[in-house]
Amino acid sequence: MSSGDKFEVILSVNDLHIEFHDHKLPQTAVEDFDLELSRGEIVGIVGESGSGKSLSALAIAGLLSRHDMYKSGRIMFEGEDLLTCNRRKLRTFQGDEISMIFQEPMTSLNPVKKIGWQTEESLRIHHPEIDKKERRLRAISMLAKVGLHEPEKVYDMYPHELSGGMRQRVMIAAAMIGHPKILIADEPTTALDVTVQAQIVELLKSINKEEGTSIIFISHDLSLVRQICSRVLVMQKGVVVESGSVNDIFLRPKDIYTRKLIASIPKVDIHAS
Amino acid sequence: GCAKKDGETGSQNAQESQNAQEGTQETSSVDSDEVFTVGIPQDLDSLDPHIAQSAGTREVLFNIFEGLVKPDENGNLNPAIASGYDVSDDATEYTFTIRDNVLFHNGQTLTADDVVASLQRYKDTGASVFEIVDSIEKVDDTHVKVTLTKANSEFISYCTVAIMPADCEDVENNPIGTGPYKFVSRTALENLVVEKFDDYWDTDNAAHIKNVEFKVEANPDNIVTDLEGGSIDMYARITSDQADQLSDAFDIYEGEMNLVQALYVNNAVAPFDNELVRQALCYAIDPQEIMDFVSGGAGVEIGSAMFPSFGKYFDESLNDTYNQDIDKAKELLAQAGYPDGFTFTIKVPSNYTPHIDTAEVVVEQLEAIGVTANIKKVEWNTWLEEVYNNKDYEATIVGFDASTLNASALLYRYTSDAHNNMFNYANADYDKAFAAAQATVDDDEQVKYYKECEKILSETAAAIYIQDLPEFVALSSKYTGYTFYPLYVQDIAKIKLAE
Amino acid sequence: MIKYFKDKKINSFLLWGIILTGIMLLVVVIGMFWTPYDPTKMNASQKLQGMSLSHILGTDNKGRDIFSRVMYGSRITLAIACGTMIIGAGLGTLLGAITGYFGGFLDEVFMRIVDAMLAFPSILLALVIVSLFDSGNIVVMAALGIAFIPSFARIVRSEVLRCRNMDYVENARIQGASDFRIIFLHIMPNISGVLWSSVLIGFNNAVLAEAGLSYLGIGSQPPYDSLGNMLSSAQQFMLKNPICVLGPGFAIVWMVLGFSFLGEGLRKKA
Amino acid sequence: MKEWNEKAIEIKDLNVYYNKRRKSIFEKKGKTRALNNVSLDVYKGEVLGLVGESGSGKSTLARAIMGINKDYTGSIVKTDEYPQMIFQDPYGSLNPARTVHWILKESLKVDRKRKWTDEEMEDRIRTVCEQVELPEDYVNRYPSQLSGGQRQRVSIALSLMQSPKILIADEPVSALDVTIQAQILELLDHLHKKLDLSILFISHDLRVVYNLCDHVAIMKDGQIVEYGVTDQIYKSPTADYTKTLLKSAGIV
Amino acid sequence: MKYILKKAGMMILTLFVVSILVFLAFNLIPGDPATRILGTEATQNQLAMLRQEMGLNDPIYVRYFRWVTGFIQGDLGTSYSYGSVSALIMDKIPITIWLAVMAFLLMFFISIPLGIFTARHEGSVIDKFVVVMDQIIMAIPPFFSGIILTLIFGLSLKLFVPGGFISYKKDFWGFIGYLVFPAIAIALPKITMCVKLLRGSVIEEISKDYTRTAYSRGNTTRGVLYRHVLKNAMIPVITFMGMALADMVSGSIVIEQVFNIPGIGRMLLSSINNRDYPVVEAIIMGIAILVMVVNLIVDIIYRLVDPRIETIND
Ligand SMILES: Nc1ncnc2c1ncn2[C@@H]1O[C@H](COP(=O)(O)OP(=O)(O)OP(=O)(O)O)[C@@H](O)[C@H]1O
Ligand SMILES: Nc1ncnc2c1ncn2[C@@H]1O[C@H](COP(=O)(O)OP(=O)(O)OP(=O)(O)O)[C@@H](O)[C@H]1O
Ligand SMILES: [Mg+2]
Ligand SMILES: [Mg+2]
């Protein structure tokens, strides 16, 4: 990774605005969301439950397509506005350039399809020139890379045969198989064991280092965010209340909500007792 | 009104039969492949005429089998297999002369041996009418003698028993007779297919139509649509309502069903063991109103256990023994000790709509004299078991037919020791009159005794007699020649293409 | 159900269900006290009349007013359906709940019998029962009821099985609730949604099955005809007097539609 | 530091078994052992933290103490006959078809220790709701109409209805937001001090345990690998697993 | 495999229970087969002889045992009116099976596309129309829709001859042709239910998280629907279809009556009316076996489609 790359902005989100219209009153879910993501950078988004983290992420991944939803703003990626470009164009990015790991590892995999089939799906769609054997090899090596033992075996298994941690890894493998430029990880470690959590975080870090993938890391575990992110956005009720470098946010929080959030992290100060 | 129409049809037929020969040739040459399809209400219970129980089967087998004598549309018994017969003066010996050159459907010539074997076979099945037969002997190659254990002037009417080859086997699957039609195939629940027998002995009465299918129409609701749709060409015994629904493509022949329809009551259970009660019911009922509802006014009122087509035995005056009179009925009820009426159940077989309809009207009519009747529909077999065999009933509405051409077929069942006396009717006078009728060889005297029997039945109100139901037959206008018989018979040989 | 009204969030299925069923019930209730004509009174001069002001649905082949008969027949059909459900859903629920909750050998045996009964489609089972006994409304009711028991027992059993190891049941046990209290006070309310919609579906099936049985000639005794009886006996007049068929036919469709909309609505709420 | 000597729960050599799934009715019943010779004491008036990875048998132990898991060997002695439990899953442990009020009242109706009159019941419900800071008007709602935090409070209220002496809290906060988490922990701490409850507090969050518990037991694979006073263990863990845990939680 | 063996074992056990129920039912009811065969004119002597010959005087368990062993050896007994029951059933079974199979195929090929289509266009005018029509057709008694079909397509449009059943032995294609409308009448209610079920199931599956995952890989909507959603959505439908196939056989009891088709249903009905109990018993056992075999097949298909089942089910 050269230092020149460091500041090359590959994704910029301006004034993202998301509103629901399915209830009587329009309900604003995300307002004035701005984000710039540079190559090889890990940006964290934190905030309370329901603050709009996932929605923003989905918007970036081009996965908000509901009719009763109103969206405005700009999401620029490779010269295209992901919010307004046609679906065909959008699909060429999805799974290839931009990948997403979803919040719910238990339900985000198709229960009746084999792990291998699901892992290599992006390849099948975007690179039909790669033959079956090759695809399989790549999928297996990807599964191995995310730390699954016996990837050949896992390849032929179904999601329900895996534990939560394993499924989350499969999700990551499937997201990474096309070597995307941007990886969006929506609370990838919630509902997992501390030890597994740590492994997944390590995995994300290594992917970021080795492949130079930019990562948007969503979590409400602040200590985790502090460990891996370089920049952080704090959201509350659909609004970005504060953003800045990790150190700025954790050491010099300006916003009241950010302070409250940081204060409620249980602390273990062993030497004090 | 119906008798008139019946007569018309009959005379028309007489004319036709003169140029039957010609007609036959025409039919077979013009459309030999067209199948004439007759709808029948239920599957045949057997193809063995000696075993078959149901009237519906017998009327179909009429076309395949013949007996020594054969009934005609006017109620006469004509010589058939027998070209003639002699009865001894004491009416205990019947000698039959066997007709020459009668061929079975399999090409064999009929012999006296075949006749003896068939009659013997029938007797061996345990048939009750042959219980009086003592012996059956071959006199010579053309004569057969039947000896009875006691005098019976009506025996000849039982001699319609089917004659089959002596060496016949597996009658169930391969019935062989001498009738105008021969068996082709049968499929359970589907059909019976027959074909014109070209070597039929009675060339004057040979069949006109080559191919005939008797098709099982188990669902009465389908009759109208199936007739209209063209899958059946003829259906006997449709209801007047069904007749009304049919289009011009069908001719409706109207005749009589030859049934004694009545509200039969169990004479042994209270309150019907009381003659006054039975008479009260007779006064409460108006047969004409019933006919209006059930068959649009068609039908013939009867006052006793005899229907009009048995001409000489029928006594029309008995219709007036009781005429509807509500006050009289109430009075009789009060006399019998039921001033406030009573409640009873009528068990009606569910397979025949006119009886159910009749029951509904009867219920209404009885309401007027304060008697409450409930209808209970039962399956035919349940009816046979509960009502007919076990006599476990209060009242029922059915019609009795005559299986043979004589009055005792209808009247025997009222004698106090008759095995089929399901009414539990017991009347010494009646028994005496019936016995006298049986014993006499003189026809007039016999008629007189039978009429006396009928009178007793009427006066003692053995049952609440209603009507002889009208019979409506739907026949496609493409065909003509339907003929009513006073028995359960569908004589297909008489039907031919319309001009 | 009152709870749903309170919520004031009635979906359109529920709304239509309530309207259709409500009108039907109203007609039935009125029919208990008053009908335009005596439904069993025959009139020879009024046979097979078409629609007119005096007979809004015409008359049948015995001159009886069809509208009055439909009012009356609806009551009988409804009664048969209710009776069927009381027997089928009632016993089925009881058996399913108890065997499902306690499990063990009893459950094993019961399930074999239920499996055996489920091997006969319900109309066949009813047909057999009716053929073994007799015809008539009560027998039809009992036969259909018995035929419905296994499916209800199955549904309830699997629901109870699902619930019985839930934490809230364990919690109730910890608090000290007895087994029967747990079954009826704690578990039952949770399966009431499933149960209600099964009952409504069952209602429909009962009405349709009764009509089917009537068509096969099994069912009510005249002159007290159910809608199914009326429909099947009117069939022969259909060519020239279609109104005879439309009256009862329409009533059946109305009734079934009302129930199935209700069921659909309830299911959507649940 | 306080002295601990009176025991509320005493567990000795506990083995708990689960039935293996049978493949056919003819197959013999197989068993798996979920707890392996566990011995553990909970002292009166303390909060004992039970930590361990997912699937290590924490809930199994809790359920065995409560008598839900009946298939065990070893001994469990409780000073209170009717201990109460806050279940791991706040969604599943409240009857979804009943209102909060009904659920709370039902607990008093089936109380085996005493009979309650209607008034007493209402009083008790009010008191407990106040204790867990559940607003009065929430009691008429169905569990599904409450937020996760409120539901968790109802769970706690329910477990307190019969005034138990022993409370087992199975991961009462892991499903919640950090801010609500803090609120509930404070509540538990407060109740425990005020009511002199003995609490077995199950969690896998080491930070939470550190702030709340007097003693900690660390579980792995159905065994207790380490037990001691909280500070001691956090300062100088001896078992390898404890070290890994502390490390991956970013504490040391 | 082990599972299938286990299921088959269960099936035999259940069949055993069924056979006992059936046999008891038809042997304990009042009514004497001998009277039924010989009719009302038979003498007591004849009746007694026939009873002896038919073994009706043996204790019930002996008769049961005789019946069951006969059944296992393929001897279904002797009909009171038609001779060998096996031959009779063999003759009629193709009719009903064809009818059911045709109805099933109709259901399959109509309801699946329709279900998917309406789910995809949820809320559109066509969807609403289909949903409402669905409910209405569901409310029509099957025999009645049969009658209406007869009226419209038979009498008015003359597309078939009402009651003009053609035997499969005579003219196979004519036979199939005649069965088209009866098959429609049988299939109609099943089609409506299947459409409703599939529609609901697809709509439910479409809203699941994994479809979002599928989109995120760059799938087209079609791809998501056919490669991901359909298989999941079919799972509840498979059970229904299995039940429907079994129901169709019994549904034919009524429809065979409406269209005058001499199949198993008609035979059952007429045998019940004639108290021809050997036939009734054989048919009921046959249907029970069929239902169970279908269930077994459904189970196997289920397992093929849904890999989770092995661990979820008991
Ligand atoms: N499909 C939807 N319809 C209506 N409102 C929605 C929908 N999806 C999300 N919302 C609302 O949008 C807001 C933001 O939701 P979002 O899923 O982005 O939250 P989040 O920050 O990811 O929370 P969590 O940490 O719980 O995942 C919430 O208030 C939620 O209620
Ligand atoms: N009902 C059951 N049947 C069979 N095995 C079970 C059952 N419940 C739990 N187990 C097994 O027992 C072991 C311990 O489970 P337990 O639920 O006690 O773990 P835990 O420590 O509470 O985990 P978590 O932190 O995820 O709640 C696990 O291996 C689990 O698979
Ligand atoms: Mg989220
Ligand atoms: Mg646990």
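Here are four short exercises, each with a worked solution, on a predicted model.

**Exercise 1. The two domains of chain E**

Find the bounds of the two domains of chain E, then describe how much of each takes part in the contact between them.

Solution. Start with the domain assignment, which gives domain 1 as residues 1-85 and domain 2 as residues 87-305 of chain E. Next, take the C-alpha centres of domain 1 and domain 2 of chain E: they lie 32 Å apart. Now turn to the contact itself, where domain 1 of chain E contributes 26 residues and domain 2 of chain E contributes 22 residues. Finally, look at the area buried between the two domains of chain E, which is about 2300 Å². Carbon and sulfur atoms give 74% of that area.

**Exercise 2. What the domain 1 side is made of**

Work out which residues and which secondary-structure elements supply the side of domain 1 of chain E that touches domain 2 of chain E.

Solution. Begin with single residues. E:Met11, E:Phe26 and E:Val85 supply 26% of the area that domain 1 of chain E buries against domain 2 of chain E, more than any other three residues. Then count the polar links: seven residue pairs are in polar contact between domain 1 and domain 2 of chain E, with both residues at pLDDT 80 or more. The count of salt bridges between domain 1 and domain 2 of chain E, on the other hand, is zero. Move on to the elements of chain E: α1 (2-28), α4 (60-72) and β1 (78-79) each supply at least two residues of the side of domain 1 that touches domain 2. The largest share of this side, 13 residues, comes from α1(E). Sorted by class, the side of domain 1 of chain E that touches domain 2 of chain E has 17 nonpolar, seven polar and two charged residues.

**Exercise 3. A salt bridge inside one helix**

Locate the partner of A:Lys205 in a salt bridge, and decide whether the two residues are buried, partly exposed or exposed.

Solution. The partner is A:Glu202, and the closest N and O atoms of the pair are 3.6 Å apart. Both A:Lys205 and A:Glu202 belong to helix α9 (residues 194-211) of chain A. They sit three residues apart there, about one turn of the helix. For the exposure, recall that partly exposed covers the range between 20% and 50% relative accessible area. A:Lys205 has 22% relative accessibility, so this residue counts as partly exposed. A:Glu202, at 45%, counts as partly exposed too.

**Exercise 4. Two salt bridges in chain B, and a network**

For the pairs B:Asp113 with B:Lys138 and B:Lys182 with B:Glu195, identify the elements that each salt bridge ties together.

Solution. Take the first pair: the side chains of B:Asp113 and B:Lys138 meet in a salt bridge of 3.0 Å, N to O. Because B:Asp113 lies in helix α4 (residues 112-124) and B:Lys138 in strand β6 (residues 133-140) of chain B, the pair ties together parts that are 25 residues apart in sequence. B:Asp113 is partly exposed at 39%, and B:Lys138 is partly exposed at 35%.

Now the second pair: B:Lys182 forms a salt bridge with B:Glu195, with 3.9 Å between the closest N and O atoms. Here B:Lys182 lies in strand β8 (residues 181-187) and B:Glu195 in strand β9 (residues 191-196) of chain B, so the parts joined are 13 residues apart in sequence. B:Lys182 has a relative accessible area of 25% and is partly exposed; B:Glu195, at 24%, is partly exposed as well.

As a last step, note that salt bridges sharing partners join B:Glu190, E:Asp91, E:Lys92 and E:Lys169 into one network. Over all chains, the count comes to 59 salt bridges.

Notes: Residues numbered from 1 in each chain as written. Chains lettered and ligands numbered in written order. Predicted model: local features only at pLDDT ≥ 70, side-chain atom pairs only at ≥ 80, totals over all residues. Heavy atoms only, no water. Domains from an automatic or database assignment. Contact = heavy atoms within 4.5 Å. Buried area = accessible area lost by both parts, 1.4 Å probe. Salt bridge = Lys/Arg side-chain N within 4 Å of Asp/Glu carboxyl O. Polar contact = N/O pair within 3.5 Å; in protein donor to acceptor, adjacent residues only side chain to side chain. Helix = DSSP H or I, 4+ residues; strand = E, 2+ residues; numbered from the N terminus. Nonpolar A, V, L, I, M, F, W, Y, C, P; charged D, E, K, R; others polar. Buried < 20%, exposed > 50% of the residue type's maximum accessible area, 1.4 Å probe, protein only.
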